[in-house]
Amino acid sequence: MSILIKNGRVVTAESDYIADVYIKGEKIHAIGKDLKIKARKVIDATGKLIIPGGIDPHVHLDMPFMGTFSSDDYENGTRAAMHGGTTMVIDFILQTQGKTLRNALNTWKKKSEGKAIGDYSYHMAVTDFNPKVAKEVVKMIRDEGITSFKTFMAYKGALMIDDGQMVQLMKVVKENGGLVTVHATNGDMIDSLIAKNKAKGNLTPLYHYLSQPEVTEAEASARFADMLDYTGCPGYIVHMTCEGALNAVRNATLRNQKVFVETCTQYLTLDASLYEREDGAKWVMSPPLREKKDQEALWSGINQGLVQVVGTDHCPFTWKQKQMGKDDFSKIPNGHPAIEHRMELLFSEGVNKGRISLNKFVEVSSTNAAKIFGIYPRKGIIAIGADADIVVFDPDKEHTLSVETHHMNADYSSYEGWELKGKTETVILRGKVGIEKGKCKLKKGYGQFIPRGKTSLTI
Ligand code: URP
Ligand code: ZN
Ligand code: ZN
């Protein structure tokens with residue numbers, strides 16, 4: 001199969017020019033002005049952007065959590081992602097405490113193999129670290145192409161590891177060329193606030209927010225940065241939400257400490273006033289939504305290079321699942337549907353509103369994730385020899401987000417009625433058309449596991 005995309009505006013993290021892009025098989029074969037090459041399919045991209053397929057490095061598909069499972073599986077989740085221009089996701093495998101990493105990997109292979117529509121990879125969440133697990137970490141890096149290890153400084157008794165385990169894990173990961181990622185909030189502080197609120201009968205979703213104040217995230221982010229510095233291990237803070245945590249990282253960089261940071265679209269666009277609504281459970285996630293001042297801090301953190309990646313932390317639950325906590329905020333499954341709208345929200349709220357440049361948009365939605373997670377330049381760039389993962393994006397198309405039109409398996413939209421400008425039009429994944437005229441053209445099983453290598457981004 002060959003495809004010629006004509007006359008589009010090619011935007012990468014560094015460049016911006018008008019050209020044709022020729023795809024043969026799974027790869028980009030030629031880029032240039034007025035290419036005189038015959039192709040089976042020709043796409044006229046006049047007036048459109050040609051950008052690298054989005055990479056969302058933070059999703060939870062079919063994940064067991066808080067007594068239920070996130071409601072998007074690999075087929076539906078990667079399809080919804082593709083509708084929005086995300087061609088690859090990195091999902092989280094959860095080690096069950098007391099069991100092996102291999103056991104978790106086998107479980108996730110069953111969830112994904114033959115089911116994914118878009119490409120995917122895994123972060124391995126280490127929830128129980130000991131010398132046996134250390135040996136498995138090495139095997140994951142060397143034999144499985146799983147080079148990032150997720151840790152939780154919260155969710156005690158289920159996912160959290162202590163600082164001693166964290167430091168030991170970092171040492172092994174560093175020695176073997178991997179990266180440690182973290183949910184950086186102080187689990188003990190949060191648990192004590194949850195207990196205090198429950199004892200007082202404060203049980204509405206607002207108290208989910210009030211049980212996780214900014215300081216719980218700022219403290220853990222600083223501690224994580226210090227542990228990285230102490231061990232020399234590369235690290236990445238997932239879903240950063242607030243000014244306090246960002247300042248902790250800023251202070252760490254003043255000591256020349258290095259830590260990659262991800263935020264998510266919801267923290268850039270939504271705020272904690274939603275918890276006062278009747279349906280506030282829809283936005284119960286951890287960490288919670290913050291204040292308007294935090295949104296501004298995060299946008300500026302992106303521009304200052306302190307925040308390198310925008311993901312989603314897609315962890316959807318239906319309203320019925322959310323009702324598990326109707327009488328007690330601590331039982332509401334944490335997470336919300338987001339995988340589909342990441343690129344369009346970032347473009348509309350970020351580029352169109354003058355908060356970030358077009359190049360920055362590509363950098364934080366695709367290129368930096370590819371570099372940090374060891375798949376660059378195979379992915380994350382429009383260049384000869386790269387995988388032909390391409391989004392033809394219409395910057396002028398206006399549309400409205402709604403549960404009626406989204407493709408995620410969630411019976412509500414966190415962005416119901418939001419009007420955006422800029423829409424994913426055509427999506428190509430490894431040389432095959434994935435989305436065209438609003439329809440998915442790929443069958444389940446097309447999505448491949450992408451093994452990963454070492455981080456190549458320097459900050
Ligand atoms: O609320 C969230 N974020 N749910 C998913 C699990 C996690 O902490 O990332
Ligand atoms: Zn988390
Ligand atoms: Zn998450």
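Is His183 buried or exposed? It's buried, at a relative accessible area of 2%, where buried means under 20%, exposed over 50% and partly exposed in between, with a 1.4 Å probe and protein chains only. His239 is buried too, at 3%.

A word on the ground rules: this is a predicted model, where local features need pLDDT of at least 70, side-chain atom pairs count only at pLDDT 80 or more, and totals for chains, interfaces and linings use all residues. Residues are numbered from 1 along each chain as written, chains are lettered from A and ligands numbered from 1 in written order, and side-chain values use heavy atoms, without hydrogens or water.

Now the metal. His183 (ND1) and His239 (NE2) are the protein donors of the zinc ion (ligand 2), lying 2.1 Å from it; donors are N, O and S atoms within 2.8 Å of the metal (3.2 Å for Na, K and Ca), and with water not among the atoms, sites may look incomplete. The pair links distant parts of the chain, 56 residues apart: His183 sits in strand β12 (residues 179-183) and His239 in strand β13 (residues 235-240). Strands are DSSP runs of E, at least two residues, and helices are runs of H or I, at least four. The arrangement around ligand 2 is irregular because its four donor atoms subtend angles of 56 to 151 degrees; tetrahedral would need all angles between 85 and 135 degrees. The zinc ion (ligand 3) is 3.8 Å from the zinc ion (ligand 2).

Over to the helices: α3 (residues 131-144) and α4 (residues 163-175) pack at about 35 degrees, axes 10 Å apart, with axes fitted to C-alpha atoms over the stretch in contact and angles running from 0 to 180 degrees between N-to-C directions.

Key:
Four donors count as tetrahedral if all angles lie between 85 and 135 degrees; four count as square planar and six as octahedral if opposite donors are over 155 degrees apart and all others between 65 and 115; anything else is irregular.
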